[in-house]
Amino acid sequence: MTPFAALAPAGLAIPHIDYTALLPELILLGGVLVLIGVSAMTPRRLPTGVYATMTVAIAAAALVASLRLWRDVQNHGAFTTVAHSVDVDGFAVYFLVLVSCILIVAAIIGSGYLRREGIAGCEYYALALISGSGAMLMASANDLIFIFLALEVLSIPLYVMAGFDRRRPTSQEAAIKYFVLGAFSSAVFVYGIALVYGATGSTNLPEIGAFLAHNVITANGVLLAGIALLIVGFSFKVAAVPFHMWTPDVYQGAPTPVTGFMAALAKAGGFAAFLRVFVATFPTLRGDWQPVIWALAALTLVGGAIVALAQRDVKRMLAYSSINHAGFVLIGLQAVTTKGVAASAYYLFAYAFMVLGSFAVVGVVGAKGDRRHDLEAYRGLAARNPVLATVFSVLLLAQAGVPFTTGFFAKFYVIAASVGAHSYALAVVAMASAAIAVFFYLRVVLLMYSTQPADPGDEATTPGPAGGGVATLVRIPVGRLVVQPSIALGLAVSVGVTVVFGVWPQPLIDFTRAATFIFH
Amino acid sequence: MGSLDSYLPIFVLLVLGVLFAALSIGVSRLLGPRRPHAAKGAPYECGIVPTNELPRRFPVRFYLIAMIFVIFDIEIIFLFPWAVIYDQLGRFGLVEVIVFAGAVFVSFIYLVADGALDWGPARRARSFGSEPGRTTESAVRRVGAAGGRAE
């Protein structure tokens with residue numbers, strides 16, 4: 001035998017792996033290999049539409065597999081596989097479906113951007129699919145180590161995608177900043193895992209939960225420190241104040257469709273694991289962590305809304321608005337109830353489509369080069385492209401929580417969950433922040449429908465540095481905006497989901513209600 | 001108090017940490033002699049004093065070579081433990097490793113198609129769009145005496 005045979009464990013049990021349970025993730029990763037293989041084997045560069053079509057097909061196959069799993073779980077009950085480290089329960093499969101949908105819409109919208117910017121190749125799509133598989137794994141992970149691996153699979157492609165517009169320095173800056181802070185927060189997260197493992201003797205979530213339910217730890221400093229570090233790690237990923245510092249710069253610097261994708265996907269994946277770890281695993285310690293989440297939620301709600309008011313750059317404004325949205329999702333977590341989890345899950349679904357659509361519009365208005373993101377670029381948009389202005393208005397109003405959109409139900413359910421858990425003060429903070437947020441959404445809407453040209457005195461009196469650089473940027477563009485067919489399709493899907501489920505809410509609500517944890 | 005007691009050591013450690021940092025900086029401010037010198041302001045206070053900026057750019061292809069190294073390195077990292085307990089993993093392990101090696105191979109093909117092993121005259125990169133506005137004149141910052149090519 002080899003000299004290393006002594007290193008081998010005595011009895012190695014190979015865990016049973018149910019491959020059908022992992023099918024959505026496997027489809028995505030297999031699809032990545034196909035994409036990369038096709039791009040390598042074809043002698044000439046294929047148009048970006050070919051890869052986009054392949055990506056949509058791959059994501060649609062994952063969606064079908066996820067829906068089949070959903071049917072299985074609803075009919076035959078939830079189960080775990082791979083030695084209890086993968087959960088296949090309603091909650092996980094709900095996010096599998098959501099992530100598949102995000103991937104489809106993001107591929108459609110991204111192809112329009114890539115064609116406009118003349119970026120060929122399969123990289124954008126391959127990275128998006130890898131990242132999506134990470135988000136899926138994160139939602140179904142039932143083990144802290146597994147969550148960490150999934151978190152990295154989710155994040156690393158996003159770092160690259162943030163720097164995809166490699167000729168623009170802000171994009172490079174976004175990638176580096178996201179990478180450094182992401183790596184830092186992952187390190188904090190791993191330290192948290194280590195401490196929780198030290199205190200409870202397991203990284204498996206149900207085992208940790210069972211241990212805490214049956215034992216009273218008298219000196220729980222290590223455990224609490226571990227939980228605190230886990231909260232910090234998750235808060236970085238979902239951009240909760242005060243761990244949000246990277247968000248505006250990264251969202252602003254990344255190519256616009258990537259920003260939308262990143263916002264939808266990272267929030268969905270991050271919050272899925274956040275909810276599972278805290279609501280399903282640490283409910284016995286809620287007295288310790290619930291106040292922390294309360295404070296985080298309040299800070300995130302108020303901080304995001306107020307700082308967004310001061311933004312002139314629409315991408316930056318939407319970045320702060322996404323922070324505000326993270327606050328709303330945290331409210332559902334803070335409730336620590338089944339209703340709260342369902343409300344948060346609903347919020348993430350609604351938010352994903354609203355944010356993908358919003359950033360798609362911003363990408364169109366940004367025009368070739370993806371640079372025109374000042375508020376002034378939106379002045380009189382309704383005259384230049386009435387349909388685009390209407391679509392953006394609907395998406396912004398949905399984000400503000402106007403009735404007959406999914407945004408309204410999202411806000412309504414988290415606040416109801418919060419009231420149900422007797423967190424009245426937080427509900428009041430949430431409503432106040434929603435009222436503040438209406439202002440900056442409406443400001444964009446009003447600008448789009450304003451017929452009044454920008455004050456010409458402005459340009460004359462405030463010449464920018466270096467010979468009126470600012471003045472040229474601020475000048476209103478004229479002529480029609482070109483909306484590519486693929487982006488129009490992506491927008492139609494986003495607005496469709498937002499409005500249809502806003503007017504006819506029952507199916508999505510039932511879907512969310514059935515998204516429950518297996519261990520609770 | 002009760003549950004708050006457990007936070008006390010953390011709090012004490014925090015205070016101690018802040019005090020230590022503040023004390024160290026404060027004491028060195030107060031007592032330390034101040035003799036500024038150009039060498040002390042240099043990026044590294046050791047080695048040869050740099051005379052000018054590093055003049056050489058090196059081809060980005062070296063990174064692709066590094067990537068090839070990394071993917072095979074990772075493959076070995078996973079192959080090694082598999083080989084050690086090959087008997088116990090049995091057919092399951094063999095299939096898993098073949099699938100894994102397949103994934104690595106596809107990424108290798110991708111790298112080769114991207115020109116990682118082309119060492120002839122420069123060819124246009126495949127995967128990204130061409131950049132017509134970008135020439136050697138616009139992209140290369142000449143350094144060295146009189147803007148000449150520093151070799």
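Let me begin with Phe501(A), whose place is in helix 20 of chain A, residues 485-503, where helices are DSSP runs of H or I with at least four residues and strands are runs of E with at least two, numbered from the N terminus. Please keep in mind that this is a predicted model, in which local features need pLDDT of at least 70 and side-chain atom pairs count only at pLDDT 80 or more, while totals for chains, interfaces and linings use all residues. Residues are numbered from 1 along each chain as its sequence is written, and chains are lettered from A and ligands numbered from 1 in the order in which they are written.

Phe501(A) is buried, because 21 other C-beta atoms lie within 10 Å, the cut-offs being 20 or more for buried, 12 or fewer for exposed and partly exposed in between, with C-beta atoms placed from the backbone. Leaving aside residues up to four places away in sequence, Phe501(A) touches Thr406(A) and Leu508(A), a contact meaning that the C-beta atoms, placed from the backbone, lie within 7 Å. Phe404(A) is 97 residues away along the chain, yet its C-alpha atom is separated from that of Phe501(A) by 8.1 Å.

Now to Ala162(A), which is found in helix 5 of chain A, residues 144-162, and which is buried, with 27 other C-beta atoms within 10 Å. Beyond residues up to four places away in sequence, its contacts include Ser171(A), Tyr178(A), Val250(A) and Met262(A). Ala162(A) and Arg71(A), by contrast, are 91 residues apart in sequence and 36 Å apart in space, C-alpha to C-alpha.

Arg71(A) brings me to helix 2 of chain A, residues 48-76, which packs with helix 1, residues 23-41, at an angle of about 165°, the axes being 8 Å apart. Axes here are lines fitted to C-alpha atoms over the stretch in contact, and angles run from 0 to 180 degrees between N-to-C directions. The two helices are therefore roughly antiparallel, a term for angles over 145 degrees, with under 35 roughly parallel, 65 to 115 roughly perpendicular and the rest oblique. Among the residues that meet are Leu23(A) and Leu35(A) in helix 1, and Tyr51(A) and Ser66(A) in helix 2. Helix 2 of chain A has 29 residues and reaches 41 Å from its first C-alpha to its last, close to the 42 Å expected at 1.5 Å a residue, that span being 1.5 Å times one less than the number of residues. Just after helix 2, Gly77(A) takes a positive phi of about 90°.

Finally, chain B has five helices and zero strands.

Conventions. Two residues are in contact if their C-beta atoms, placed from the backbone, lie within 7 Å.
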